[in-house]
Amino acid sequence: MKIRILGTGTSQGVPVIACKCAVCQSADPNDKRLRTSVLIEEKGVNIVIDAGPDFRQQMLRENVNDIDAILITHEHRDHIAGLDDVRAFNFRNQKPVDIYAESRVQDAIRSDFSYSFGEKKYPGVPQINLHSLSIEPFEVNGVKVIPIQVFHYKLPVFGFRIGDFTYITDANYISQEEKQKLHGTKYFVINALRKQKHISHYSLPESLELIKELSPKRAYITHISHQMGLHHEINEELPHGISLAYDGLRFEI
């Protein structure tokens, strides 16, 4: 399995528009963060989790020629705004793109991209096949995906586990029942917005506590705001086997 971290930033990205803080002004490329997303390659199948406003830029940067599915964690704009750009894959591969989302999120997609679902479609609109998600495992072209329901304050959000890899973003609570799905994970990507507590995201101390509980072989922090601090300084503070993810990070399992 090959993992490519497409983006590690929050809804505003980093740098934040007009911000003069040290992180936003940093010259370190690891402090430049597009909206959060990841590409998983397993058994010749390409699965993307979330397609935010930077989806086009991420696909071009990583030279991605095909995707088999996009899994949507939730309906916030920083996770679905790039779905219009699946048109490029429609044109190249002459087929719709399969999108997996729960019913509430599907309603948001139909609303935001209504031109893709009308009876009389304008030529060239995104061709999307919507598939329903629940807490039950499913397969994408033979690759097993285990959905993990977490909470983003009071909003239900899905994380996903594929083999020994688990990816969770925009969360600050996981029930004990759903947490059972995480045990045995060897590579774990989890969100942490900043060091200070937040109403709808794990803080860095909270994410580190969860990582300690699950004890994966390797853990990465994502969905990182400019309030976290400089990438190299925070990494020096983290325990062995844990680091901030960065845009373009690649590893194999």
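Helices (H or I, at least four residues) and strands (E, at least two) are DSSP runs, numbered from the N terminus. Welcome to a predicted model, in which local features need pLDDT of at least 70, side-chain atom pairs count only at pLDDT 80 or more, and totals for chains, interfaces and linings use all residues. Residues are numbered from 1 along each chain as its sequence is written, and side-chain values use heavy atoms, with hydrogens and water left out.

**View 1. A cis peptide bond leads into Pro 15.** The bond in question runs from Val 14 to Pro 15, and its omega is near 5°. To find Pro 15, look in the loop between β1 (2-7) and β2 (37-42).

**View 2. Asp 50 has a positive phi.** The angle is about 75°, although Asp 50 is not a glycine. This residue belongs to the loop between β3 (45-49) and α1. Asp 50 has a relative accessible area of 0% and is buried (buried means under 20% relative accessible area, exposed over 50%, partly exposed in between, with a 1.4 Å probe and protein chains only).

**View 3. Tyr 153 also shows a positive phi without being a glycine.** Here phi is near 65°. The loop that holds Tyr 153 joins β8 (143-152) and β9 (155-162). With 43% relative accessibility, Tyr 153 counts as partly exposed.

**View 4. Phe 55 and Phe 89 form an edge-to-face aromatic pair.** Rings of Phe, Tyr and Trp (its six-membered ring) pair if their centres lie within 6.5 Å; planes under 30 degrees apart count as stacked, over 60 as edge-to-face and the rest as tilted. By this rule the model has eight aromatic pairs. In the one shown, Phe 55 and Phe 89 are 6.4 Å apart centre to centre, with 65° between the planes. Phe 55 sits in helix α1 (residues 55-61) and Phe 89 in helix α3 (residues 87-93), so the pair ties together parts that are 34 residues apart in sequence. Both phenylalanines, Phe 55 and Phe 89, are buried.

**View 5. Four aromatic residues make up a cluster.** Its members are Phe 165, Tyr 187, Tyr 220 and Phe 251, linked by ring pairs.

**View 6. For context, the close-ups belong to a protein chain with seven helices and 14 strands.** Along its principal axes, the C-alpha trace of the protein chain spans about 55 × 45 × 35 Å. Of its 253 residues, 55% count as buried. Residues 24 or more positions apart make up 63% of the contacts with a separation of 6 or more (contact means heavy atoms within 4.5 Å).
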